[in-house]
Amino acid sequence: MEHVDQPEPWRRRYSRRLQIVDACVVTWAVAGAFVIRFGLVDLASHQGEYIALSVGITAAWWLMLGLWGARESTILGAGSEEYKRVFAASAWLFGFVAIFSYALRIDTARGFVGLAFPVGALGLLIARWLVRQHLSVERAHGRSASRVLLIGNRSSTEHLIRSLRSVPAAGYIPVAAHLPGASENQIWDLDIPIAGVDADVDSIIQVILKTKVDAVAISAGAPLNPHDLRRLGWELASKDIAMILAPALTDIAGPRIHTQPVAGLPLIHVSTPKLTGGKRVAKRAFDLVLSGLLVLLLSPVFVIVSILVRLSSPGPLFYKQERIGLRGSSFNMLKFRSMTVDADRELDKLLKAQGSADTPLFKVTNDPRITPIGRFLRKYSLDELPQIFNVLGGSMSLVGPRPQREAEVALYDDAAHRRLYVSPGMSGLWQVSGRSNLSWEESIRLDLYYVENWSLMGDVVILFKTIKAVLRSSGAY
């Protein structure tokens with residue numbers, strides 16, 4: 001294990017870094033909007049009030065990002081919460097400016113403010129993404145992360161260790177486990193030590209001091225009563241060590257979780273996932289606008305790929321296949337043809353040959369049916385481009401579980417059928433997490449997580465990750 005920074009140094013370092021980055025971006029956005037709107041002539045004599053306004057908006061914007069918690073260390077590195085807070089802080093600020101200007105009838109130059117907000121918000125999101133890439137690289141090497149002691153029973157602790165290790169960008173490195181009530185000769189499958197088995201708080205504190213951890217994660221299986229948890233919390237707070245409670249909630253994201261204090265108890269409410277009403281309208285509007293832009297931007301690519309497919313082998317330009325979509329409805333999914341004309345007739349034989357005919361993920365490794373041009377198209381997912389027209393037509397979405405054949409859907413269990421609760425997508429969570437390299441079990445877990453925790457910002461993040469995955473071109477068959 002490489003050396004891991006203590007919490008305060010890396011947290012302070014990244015807090016300062018984000019403060020500087022935010023200040024540079026908002027100053028650039030406001031100053032740029034000012035110059036574009038008013039120019040550089042006679043600023044002091046004619047536009048002095050707008051100079052003061054620009055300085056005020058810049059300072060307020062920077063402060064809002066801090067007040068909205070956009071620089072908190074717990075949201076850095078993974079998830080979309082950081083981006084949500086950055087955008088929310090920016091939107092609220094300019095909302096206040098608009099209301100204030102209207103109420104006092106102050107002419108704040110709508111063109112100036114209207115330019116500064118979108119440019120600055122986009123600039124902040126891009127800058128935060130770049131900082132996150134640097135942080136992810138550091139965390140991949142064991143730096144700028146929190147050393148974590150895990151407390152609980154064996155099964156819950158093992159699950160928590162694997163979960164934390166699956167997302168190294170989140171910045172939690174399990175270094176030891178404390179299993180209260182376990183036997184001294186506990187059989188342990190993982191490569192971190194069992195630091196103790198005593199259930200009293202004093203023993204746990206001694207383990208914490210011995211392991212020199214930055215955070216303590218308490219799983220749902222920890223045999224600690226409320227009094228012990230409260231005392232442990234006090235001790236950790238006095239030593240500036242983070243306390244993390246990991247409830248037995250699997251694959252449930254923050255927007256579905258709401259905490260309500262009742263008689264001193266933090267009751268956790270888990271809302272039922274529903275992609276209906278305004279959420280469905282927002283997702284559809286997002287699909288229509290972005291897919292329409294993609295058709296315009298990618299039209300030269302469509303022409304080039306069409307020529308390559310025509311020249312590669314005899315047969316039609318497009319390949320249509322019936323797939324199962326929302327609520328089990330069927331539709332014809334479009335692709336540029338990347339296989340020989342008789343490819344479908346050979347599928348069953350190839351699946352049986354590789355022993356995967358009974359798995360609902362009909363993928364053939366080293367598929368002999370693919371044409372040379374088709375292999376190139378698939379490597380960079382260019383064969384999928386015509387599905388943009390499926391999105392425009394409403395049978396697909398830009399983001400969602402990948403649509404499957406009727407024979408694959410027939411092999412679904414009850415859990416897998418929940419994939420059909422949302423429209424199928426051109427890209428999805430499992431595509432950006434490993435593409436075809438993932439097993440069916442891993443793929444279905446990621447698809448179900450998407451269905452249960454959909455958000456528009458989550459779709460945006462997946463689309464950005466899709467570009468990265470396609471350019472990397474790993475895991476595509």
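Colleague: I'm new to this structure, so let me start with one residue: does Phe94 count as buried or exposed?

Modeller: Phe94 counts as buried, at 7% relative accessibility. Keep in mind that this is a predicted model. The cut-off for buried is under 20% relative accessible area, so 7% puts Phe94 in that group.

Colleague: What share of the residues of the protein chain count as buried?

Modeller: The chain has 477 residues, and 44% of them count as buried. As for the surface, the chain exposes about 25000 Å², with 62% of that supplied by carbon and sulfur atoms.

Colleague: How many helices and strands should I look for?

Modeller: Look for 16 helices and 11 strands in the protein chain. For the way the chain folds back on itself, take the contacts with a separation of 6 or more: 72% of them are between residues 24 or more positions apart.

Colleague: Back to the rings, then. How do I read an aromatic pair?

Modeller: The general idea is that a pair of aromatic rings is described by the distance of the centres and the angle of the planes. A search of the whole structure finds 9 aromatic pairs here. In one of them, Trp61 and Phe94 sit 5.0 Å apart, centre to centre, with 85° between the planes, and the pair is edge-to-face.

Colleague: Which helices hold Trp61 and Phe94?

Modeller: Trp61 is in helix H3 (residues 48-67) and Phe94 is in helix H4 (residues 81-104), so their pair ties together parts that are 33 residues apart in sequence. Trp61 is buried too, with a relative accessible area of 0%.

Colleague: What kind of pair do Phe87 and Phe117 make?

Modeller: Their planes are at 50° and their ring centres are 6.2 Å apart, so this pair is tilted. It links distant parts of the chain, as Phe87 is in helix H4 and Phe117 is in helix H5 (residues 110-140), 30 residues apart. Both rings belong to partly exposed residues: Phe87 has a relative accessible area of 40%, and Phe117 is at 24%.

Colleague: Which residues do the ring pairs link into a cluster?

Modeller: The cluster consists of Trp61, Phe87, Phe94 and Phe117.

Colleague: Let's stay on helix H5. What does Arg132 touch?

Modeller: Arg132 is in helix H5. Leaving out residues up to four places away in sequence, it touches Ile75, Gly77, Ala78, Gly79, Glu82 and Tyr83. Arg132 counts as buried, at 9% relative accessibility.

Colleague: And what about Ser136, which residues does it touch?

Modeller: Ser136 is also placed in helix H5, and it touches Gly77 and Ala169, again not counting residues up to four places away in sequence. Ser136 and Ala78 are 58 residues apart in sequence, yet 8.6 Å apart in space, C-alpha to C-alpha. With a relative accessible area of 22%, Ser136 is partly exposed.

Colleague: Where does Gly315 fit in?

Modeller: Gly315 is in the loop between helix H10 (299-312) and strand E8 (318-324). Its contacts, leaving aside neighbours within four places in sequence, are Arg310, Arg337 and Val341. Gly315 is partly exposed, at 30% relative accessible area. From Gly315 to Thr340 is 7.7 Å in space, C-alpha to C-alpha, and 25 residues in sequence.

Colleague: How should I read a phi value?

Modeller: Most residues other than glycine have a negative phi, and most peptide bonds are trans. In this model, Lys212 has a positive phi, near 55°, and Ser381 has a positive one of about 60°.

Colleague: Where are Lys212 and Ser381 found?

Modeller: Lys212 is in the loop between helix H7 (201-211) and strand E4 (215-219), and it is exposed, with a relative accessible area of 61%. Ser381 lies in the loop between helix H12 (372-379) and helix H13 (387-393), and counts as buried at 18% relative accessibility.

Colleague: Last topic, cavities. How many of 30 Å³ or more does the structure hold?

Modeller: The structure holds 1 cavity of that size. The largest cavity has a volume of about 50 Å³. Its lining includes Ile324, Gly325, Tyr412 and Arg419. By class, the lining has 7 nonpolar, 2 polar and 2 charged residues.

Terms used:
Residues are numbered from 1 along each chain as its sequence is written. This is a predicted model: local features need pLDDT of at least 70, side-chain atom pairs count only at pLDDT 80 or more; totals for chains, interfaces and linings use all residues. Side-chain values use heavy atoms; hydrogens and water are left out. Helices (H or I, at least four residues) and strands (E, at least two) are DSSP runs, numbered from the N terminus. Buried means under 20% relative accessible area, exposed over 50%, partly exposed in between (1.4 Å probe, protein chains only). Contact means heavy atoms within 4.5 Å. Accessible areas come from the Shrake-Rupley method with a 1.4 Å probe; for residues, only the protein chains shown count as cover. On a 1 Å grid over the protein atoms alone, a cavity is a set of points where a 1.4 Å probe fits but cannot get out, and a pocket is an open set with protein on both sides within 12 Å along at least five of seven lines; lining residues have an atom within 4 Å of a point. Grid points are joined across faces, edges and corners, and a volume is the space filled by probe spheres set on the points. Ala, Val, Leu, Ile, Met, Phe, Trp, Tyr, Cys and Pro count as nonpolar, Asp, Glu, Lys and Arg as charged, and the others, Gly among them, as polar. Rings of Phe, Tyr and Trp (its six-membered ring) pair if their centres lie within 6.5 Å; planes under 30 degrees apart count as stacked, over 60 as edge-to-face and the rest as tilted.
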